[in-house]
Amino acid sequence: MKNIFAKMAMIAATSTVVSVAIAASANNPAQAIDFKLNWLGDAGYSAIGSFSYDETTAPTIITESGSGATNFLQSLNVSFLDPSQNVLGTYNTVSGGVSQSSFFAFNFDTSSETLFGPLNIGGGTGVIGEYFFSGTVGNSLQLRQDVNQQGTSITLDQNSGSIQVSKVPEPASILALLAFGMLGVGSTLKKKQASC
């Protein structure tokens, strides 16, 4: 009798998670797609961030530059860390589809999910001491800091232009994976009970 209640509880829990996953994907059709970016300089400084765009309207190549309304990017934020992993600065370069930096440059291939060409994110509002990340993907990328009002900056770190981009899983996908995992646990319990 105890085993029957355990099985019924497992089936009910699994059904609930599957129903939530299906409802989430049906009620929230995929529009915004999110990516993470990671960069590591030769001297140990790093940049971590994320960006998003509407995958239903974005072209194969997204090119953004300058301040003001963006064409396709909805958000882009980045944090810079020193070699001890202390945060140097965090910037919302694009928020609500608006760029805050007149130096902003961003190029992304949505089919290969890679950044390419000129890149300039982070600071760029003319505040002394702010950090920015610039260069050319695949050639040379540098973490720099503004040191005066005349636009003079110093290079803190650089690398050969390598930067990693990865897609963030959608919440509905995560729920579906949890549901299938629970189904697997349920079948394992059934096998163990049957062998007892």
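Which residues does Asn120 touch, not counting residues up to four places away in sequence? In this predicted model, the answer is Phe103, Phe104, Ala105, Phe132, Phe133 and Ser134. Asn120 itself belongs to strand E10, which spans residues 117-122. With a relative accessibility of 14%, Asn120 falls under the 20% limit and therefore counts as buried. A polar atom of the Asn120 side chain lies 3.5 Å from the backbone oxygen of Phe103, a residue that also appears among the contacts of Asn120.

Phe104, another contact of Asn120, leads on to the aromatic residues. Ring pairs link Phe104 with Phe35, Phe51, Tyr53, Phe106 and Phe108 into a cluster. A pair of aromatic rings is described by the distance of the centres and the angle of the planes. With centres required to lie within 6.5 Å, eleven aromatic pairs are counted in the model. In one of them, the ring centres of Phe35 and Phe51 are 5.3 Å apart and the planes meet at 15°, so this pair is stacked. Phe35 sits in strand E1 (residues 32-40) and Phe51 in strand E2 (residues 46-54), so the stacked pair ties together parts that are 16 residues apart in sequence. Phe35 is buried, with a relative accessible area of 1%, and for Phe51, also buried, the value is 1%.

Phe51 takes part in a further pair, this one with Phe108. Here the ring centres are 5.0 Å apart and the planes stand at 75°, so the arrangement is edge-to-face. Because Phe51 lies in strand E2 and Phe108 in strand E8 (residues 105-109), this pair ties together parts that are 57 residues apart in sequence. Both Phe51 and Phe108 are buried.

The nonpolar core gives a wider view of these residues. In soluble globular proteins, nonpolar side chains tend to be buried together. The largest nonpolar core of the model has 28 residues, of which Phe51, Tyr53, Phe106 and Ile163 touch the most other members. Two or more residues of this core come from each of E1, E2, E5, E6, E8, E10, strand E11 (131-137) and strand E12 (140-146). For Ile163, the contacts beyond its neighbours within four places in sequence are Leu37, Asn38, Trp39, Leu115, Leu119, Phe133, Val137 and Leu141. Phe133 is thus shared ground, being in contact with Ile163 and touched by Asn120.

Several of the strands that contribute to the core also pair with one another. Strands of a sheet pair through backbone hydrogen bonds, either parallel or antiparallel. In this model, seven strands form an open sheet with antiparallel pairing, in the order E4-E7-E6-E5-E2-E1-E14. Strand E4 (68-69) and strand E14 (164-167) are the edge strands, each pairing on one side only.

Further inside this order, E2 and strand E5 (residues 73-81) run antiparallel and are joined by eight bridges. Along this pairing, Ser79 in E5 stands opposite Ile48, while Phe80 in E5 is the bridge partner of Ala47. Phe80 also stands opposite Gly89 in E6. Strand E6 (residues 87-95) pairs with E5 over seven bridges, in the antiparallel sense. The hairpin of E5 and E6 has five residues between the strands, and in this hairpin Gln85 takes a positive phi near 70°.

Notes: Residues are numbered from 1 along each chain as its sequence is written. This is a predicted model: local features need pLDDT of at least 70, side-chain atom pairs count only at pLDDT 80 or more; totals for chains, interfaces and linings use all residues. Side-chain values use heavy atoms; hydrogens and water are left out. Rings of Phe, Tyr and Trp (its six-membered ring) pair if their centres lie within 6.5 Å; planes under 30 degrees apart count as stacked, over 60 as edge-to-face and the rest as tilted. Helices (H or I, at least four residues) and strands (E, at least two) are DSSP runs, numbered from the N terminus. Buried means under 20% relative accessible area, exposed over 50%, partly exposed in between (1.4 Å probe, protein chains only). Two strands pair if DSSP finds at least two bridges between them. A polar contact is a pair of N or O atoms within 3.5 Å; within protein, one must be able to donate a hydrogen and the other to accept it, and residues adjacent in sequence count only if both atoms are side-chain atoms. Contact means heavy atoms within 4.5 Å. A nonpolar core is a set of buried Ala, Val, Leu, Ile, Met, Phe, Trp, Tyr and Cys residues joined through side-chain atoms within 4.5 Å.
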